[in-house]
Amino acid sequence: MAEVTIREVRKTYGAMEVIHGLSFDIADGEFMVLVGPSGCGKSTLLRMIAGLEEISAGTIAIGGRVVNGLPPSKRDIAMVFQNYALYPHKTVAANMAFSLRMRGMDKAEIERRVRDAAAILGLTDYLDRYPRALSGGQRQRVAMGRAIVRDPQVFLFDEPLSNLDAKLRVQMRAEIRELHQRLRTTTVYVTHDQIEAMTMADRIVVMNAGHIEQIGAPLELYDRPANRFVAGFIGSPSMNFIGARIAGEGGAPVADIGGVNLPLEPGPGIEPGREVVLGIRPEHLQLADSGIAVTVAVVEPTGSETHVVTRHGDDEIVAVFRERHRFGVGQKLHLRPAPGMIHVFDAGPGGARLGGQGGRDAG
């Protein structure tokens, strides 16, 4: 078994604490993604799992064995970095085999492992080449092959696709996910790109300033964000946030936005008179004869969709349309959210989720 157990883990640099008592489990064979903005602590946590950073407090266990005091070489993990870190003077085969040779493994077994990994990654025809003769994607495959040949309990990926162009990142996302489905090795993957997180993960840990904001499956986080931070971080374009006041005394609750009433579902915290923040995803906004009055500021056609940036007072509201529209800058529109697709958050610090609305099963 290769589950990873993290219990009350903290990291301090002098008097400054950057990881604040994190606890969660990564199941055997799971693909877990740590995501969050730069400086949130995700790479630091990964490096603590790898043994490259000292754990200030708490415990990390791999396969039921506490590894706090073990060096990286004794943890049975393999790490793939953003920088490929290949030896330029060694061939692809020699790069992949290097760690096995350092262990003193039998030559025939080394050759078998390198050959098998190369077949999995489509590198068989490149084993005699040097890194300078490879594309960026091929170099990243070599770095992955170097990890695969070790047959570790856990793979650790630290933003491995950041140096690739957009098209190649999409291709490599699919290849890494396919590799995991084939090997079923427990994987911890760090990225700041929420699209990578959404498309690759079994579960996602959303981090912010050394804390965990929410853990869940990709669509769970998308449809039921725990707070405004998660709601704004997960999804592209980001969720729109609009200040409102709960009205509807004695009847069904509504959100009052400057005289425009939007129906809400009853739920905990949905109380008349309460100041709240509404969250509406861009793709859930529809053109209407009446609703939130907005002015078109920017039109961004992407081909399959049209992104329209609008202004409502001091608020920026982005709408996404699959249909072809010819909007002009300065044009006045009215927008309404699709039924059941309004998320309600507390207006105070933290912005906790209120009620039960929002999400695809709500409408």
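How many residue pairs are in polar contact across the interface of domain 1 and domain 2? I looked this up first, bearing in mind that the model is predicted. The rule finds six such pairs, with both residues at pLDDT 80 or more. I then searched the interface of domain 1 and domain 2 for salt bridges and found zero by the rule.

**Entry: the two domains**

I noted the division of the chain: domain 1 covers 4-228 and domain 2 covers 237-354. I recorded 38 Å between the C-alpha centres of the two domains. Eight residues from domain 1 and 14 residues from domain 2 take part in the contact.

I next looked up the buried area. The size of an interface is often given as the accessible area lost when the parts come together. Between domain 1 and domain 2 about 810 Å² is buried, and carbon and sulfur atoms give 49% of that area. On the side of domain 1, I find that Y222, P225 and R228 supply 73% of the area buried against domain 2, more than any other three residues. I also asked which element gives the most to the side of domain 1 that touches domain 2. Helix α7 (residues 218-223) does, with three residues.

**Entry: strands β1, β2 and β4**

I turned to the strands at the start of domain 1, which begins at residue 4. Strand β1 (residues 4-13) runs antiparallel to strand β4 (residues 57-62), and five bridges join them. Within this pairing I located R10, whose bridge partner in β4 is A57.

I find that β1 also pairs with strand β2 (residues 16-26), in the antiparallel sense, over seven bridges. Here T5 has D25 in β2 as its bridge partner. I inspected the link between β1 and β2: the two strands form a hairpin with two residues between them. In the turn, G14 has a positive phi of about 65°.

**Entry: the four-stranded sheet**

In what order do the strands of the open sheet of four strands lie? I read the order as β17-β16-β15-β18, with antiparallel pairing. The edge strands are β17 (315-321) and β18 (332-337), each of which pairs on one side only. From one strand to the next, I recorded an average twist of 50°.

I then examined one pairing inside this sheet. Strand β15 (residues 285-301) and strand β16 (residues 306-312) are joined in the antiparallel sense over six bridges. I noted V298 standing opposite V309 in β16. As general background, strands of a sheet pair through backbone hydrogen bonds, either parallel or antiparallel.

Notes. Residues are numbered from 1 along each chain as its sequence is written. This is a predicted model: local features need pLDDT of at least 70, side-chain atom pairs count only at pLDDT 80 or more; totals for chains, interfaces and linings use all residues. Side-chain values use heavy atoms; hydrogens and water are left out. Two strands pair if DSSP finds at least two bridges between them. Axes are lines fitted to C-alpha atoms, for helices over the stretch in contact, and angles run from 0 to 180 degrees between N-to-C directions. Domain bounds come from an automatic or database domain assignment. Contact means heavy atoms within 4.5 Å. Buried area is the accessible area (1.4 Å probe) that two parts lose on being put together, summed over both. A salt bridge is a side-chain nitrogen of Lys or Arg within 4 Å of a carboxyl oxygen of Asp or Glu. A polar contact is a pair of N or O atoms within 3.5 Å; within protein, one must be able to donate a hydrogen and the other to accept it, and residues adjacent in sequence count only if both atoms are side-chain atoms.
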